[in-house]
Amino acid sequence: MNAPIAVLTPMANPTVEREFRALLPPQCDYVVGRLVSQHKDSEARLRAYAEELPHMLEQFGGLALSGVAFACTASSYLLGRAREDAIARELDLPLLWAAGAVRETLEGLSARKIAVISPYPESIHAAGLEYWRDSGIKVAFEARLEIGSDDTRAIYNLDGSESKGAISKARECQPDAILLSGTGMPTLANIDPSGAPPIISSNLCLAGAMLGLTEQG
């Protein structure tokens, strides 16, 4: 039996576990831990989640793991790909970034022009757009869902219906794919990975990467 994958999700995020229960088959074994930070500022908190990753893994108490799934897309947006790679090299385990899983999914779809819909505050939303452009992907459409706060934890009050209007507008730009970015935003009712265009999400892509890692083992 393979060792489980450690899923690390922001401390107040209820969405990852809920969606993974629907997206992952029983043979994909995982345990869930929390990314914890005392920072009040959202950007500082999101950066700390990633920068303190070795410390975050201590909560598993030496449990044998087959990999780590980092279920927070915004941390990657703020750090950038070079820092993602550096952090991954510091671990002795395969590290699956949510943003990295999205990149792999887009590559598999041959998607070079995308629409990005996110619930982040303006500065993090902008960092996300820059992340995708730096990855060689054209952003043909972008929309930021209003959460009424600069605190990203307000994302967890969304129910998924908020993105429907933006999805309709995104279709008009004829992107190769529509990305619903953010592991805390409910997306199960809106994703359509086989659609035209495909509608994918951070959680969908990370779940796919986890299943791929399980099958490799």
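Before I start on the cavity, I note that the domain bounds used here come from an automatic or database domain assignment. I also note that the model I am reading is a predicted one.

**Entry 1: the cavity**

I looked for enclosed spaces in the whole structure, and the search found 1 cavity of 30 Å³ or more. For this largest cavity I wrote down a volume of about 150 Å³. I then asked which residues line the largest cavity and lie nearest its centre. The lining holds 17 residues, and those nearest the centre are Pro10, Leu46, Cys72, Ile155 and Tyr156. When I looked up the elements that give two or more residues to this lining, I found helix H2, which covers 42–51, and helix H4, which covers 73–79. H2 supplies the largest share, with 3 residues. Sorted by class, the lining consists of 9 nonpolar, 6 polar and 2 charged residues.

Where does the largest cavity lie with respect to the two domains? Domain 1 is made of 5–97 + 205–215 and domain 2 of 100–201, and because both give residues to the lining, I place the cavity between them.

**Entry 2: the whole protein**

I stepped back to the overall fold and noted 9 helices and 8 strands in the protein. The radius of gyration is 16 Å, which is close to the 17 Å that the globule rule gives for 217 residues, so I recorded the protein as being as compact as a globular protein of that length. Along the principal axes, the C-alpha atoms fill a box of roughly 50 × 40 × 30 Å. I also looked up how much of the protein is shielded, and of its 217 residues 55% count as buried.

**Entry 3: cysteines**

A disulfide is a covalent bond between the sulfur atoms of two cysteines. How many disulfides does the structure hold? I found 0 disulfides, and for Cys28, which is in none, the nearest cysteine sulfur is that of Cys205, 15 Å away. I then compared the accessibility of two cysteines with the cut-off in mind that buried means under 20% relative accessible area. Cys28 counts as buried because its relative accessibility is 3%, whereas Cys173 has 31% and therefore counts as partly exposed.

**Entry 4: Met56**

I found Met56 in helix H3, which spans residues 53–57. Is Met56 buried or exposed? Its relative accessibility is 3%, so I entered Met56 as buried. I also looked at Leu35, which is 21 residues apart from Met56 along the chain, and the C-alpha atoms of the two are separated by 6.2 Å.

**Entry 5: backbone exceptions**

Most residues other than glycine have a negative phi, and most peptide bonds are trans, which is why I went looking for exceptions.

- A cis peptide bond joins Ala196 and Pro197, with omega at about 0 degrees, and Pro197 sits in the loop between strand S7 (177–180) and strand S8 (199–201).
- Ser110 is not a glycine, yet its phi is positive, at about 55 degrees. I located Ser110 in the loop between helix H6 (98–108) and strand S5 (113–118), and since its relative accessibility is 56%, it counts as exposed.
- Gln174, again a residue other than glycine, has a positive phi near 50 degrees. The loop that holds Gln174 runs between helix H8 (164–171) and S7, and with a relative accessible area of 62% Gln174 is exposed.

Definitions and conventions
Residues are numbered from 1 along each chain as its sequence is written. This is a predicted model: local features need pLDDT of at least 70, side-chain atom pairs count only at pLDDT 80 or more; totals for chains, interfaces and linings use all residues. Side-chain values use heavy atoms; hydrogens and water are left out. A disulfide is a pair of cysteine sulfur atoms within 2.5 Å. Buried means under 20% relative accessible area, exposed over 50%, partly exposed in between (1.4 Å probe, protein chains only). On a 1 Å grid over the protein atoms alone, a cavity is a set of points where a 1.4 Å probe fits but cannot get out, and a pocket is an open set with protein on both sides within 12 Å along at least five of seven lines; lining residues have an atom within 4 Å of a point. Grid points are joined across faces, edges and corners, and a volume is the space filled by probe spheres set on the points. Helices (H or I, at least four residues) and strands (E, at least two) are DSSP runs, numbered from the N terminus. Ala, Val, Leu, Ile, Met, Phe, Trp, Tyr, Cys and Pro count as nonpolar, Asp, Glu, Lys and Arg as charged, and the others, Gly among them, as polar. The radius of gyration is taken over C-alpha atoms; the globule rule is 2.2 Å times the number of residues to the power 0.38.
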